[in-house]
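Colleague: I'd like to learn how to read a fold from its coordinates. Could you walk me through one, feature by feature?

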Amino acid sequence: MRLIYDNDGVAAQVIPSTQFLSTLTGTDEEKMIHLANKDLPTGTKYEIIGDDVDLSDRAFRNAWTYTAGSDAKTSADLSAEDLAKYNMTENK
């Protein structure tokens, strides 16, 4: 599974390591939501896509765009406990 989102007008993706995912609990979707909350700016629209989605065509790689669809989720702030776990601080 991967995350896709809009990064200043260009489609971007986050591919998690299996090692990181193995440290999390919950379903695969819950793990991906946690990853989005950890790695994407708060409020970023994203979708979780399967590994079977082919993004290998690099001919127009930087021309790809992402538009949030009906399956889009929105990243949220991490809990204080998760921020501490990743040695992160809350942006104010």
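Modeller: Sure, starting with strand pairing: two strands pair if DSSP finds at least two bridges between them. One such facing pair here is Asn7 and Val10, the latter in S2. Keep in mind that this is a predicted model.

Colleague: Before the details, which order of helices and strands does the chain follow?

Modeller: Along the sequence the pattern reads β-β-α-α-β-β-α. That comes to three helices and four strands.

Colleague: Now the sheet. What holds strands together in general, and in which order do the four strands sit here?

Modeller: Strands of a sheet pair through backbone hydrogen bonds, either parallel or antiparallel. In this model the sheet is open, with the order S2-S1-S3-S4 and antiparallel pairing. S2 and S4 (73–74) are the edge strands, each pairing on one side only.

Colleague: How many bridges join S1 to S2?

Modeller: Five, and the two strands run antiparallel. They make a hairpin with two residues between them, and Asp8 in that turn has a positive phi of about 55°. Besides the Asn7 and Val10 pair, you can find Leu3 opposite Val14 of S2.

Colleague: And which residues of S1 face S3?

Modeller: S1 pairs with S3 (residues 45–49) over four bridges, again in the antiparallel sense. Ile4 has Glu47 of S3 as its bridge partner, while Tyr5 stands opposite Tyr46. As a reading aid, in a regular strand the side chains alternate between the two faces of the sheet.

Colleague: Where does H2 go relative to the sheet?

Modeller: H2 packs on the sheet and touches S1, S2, S3 and S4. Its direction makes about 145° with that of S3.

Colleague: On to the core. What's the general idea, and which residues have the most contacts inside the largest one here?

Modeller: In soluble globular proteins, nonpolar side chains tend to be buried together. The largest nonpolar core in this model has 15 residues, and Leu3, Tyr5, Val14, Phe20, Leu35, Leu40 and Tyr46 have the most contacts within it. At least two residues each come from S1 (2–7), S2 (10–14), H1 (18–21) and H2 (28–39). H2 gives the most, with three. Notice that Leu3 and Val14 turn up again, as the facing pair between S1 and S2.

Colleague: What fraction of the chain is buried, and what does the surface look like by atom type?

Modeller: Of the 92 residues, 29% count as buried. The accessible surface is about 6,500 Å², with 47% of that belonging to carbon and sulfur atoms. If you care about contact range, residues 24 or more positions apart account for 64% of the contacts with a separation of 6 or more.

Colleague: Last one: how should I read charged pairs, and how many salt bridges are counted?

Modeller: Side chains of opposite charge can pair when their charged atoms come close. The count here is one salt bridge. It joins the side chains of Asp39 and Lys38, at 3.0 Å from N to O.

Colleague: Why do Asp39 and Lys38 count as partly exposed?

Modeller: Partly exposed lies between the cut-offs of 20% and 50% relative accessible area. Asp39 counts as partly exposed because its relative accessibility is 38%, and Lys38 because its value is 22%.

Terms used: Residues numbered from 1 in each chain as written. Predicted model: local features only at pLDDT ≥ 70, side-chain atom pairs only at ≥ 80, totals over all residues. Heavy atoms only, no water. Core = buried A, V, L, I, M, F, W, Y, C linked by side-chain atoms within 4.5 Å. Buried < 20%, exposed > 50% of the residue type's maximum accessible area, 1.4 Å probe, protein only. Contact = heavy atoms within 4.5 Å. Areas by Shrake-Rupley, 256 points an atom, 1.4 Å probe, with all protein chains shown as cover. Axes fitted to C-alpha atoms, helices over the stretch in contact; angles between N-to-C directions. Salt bridge = Lys/Arg side-chain N within 4 Å of Asp/Glu carboxyl O.
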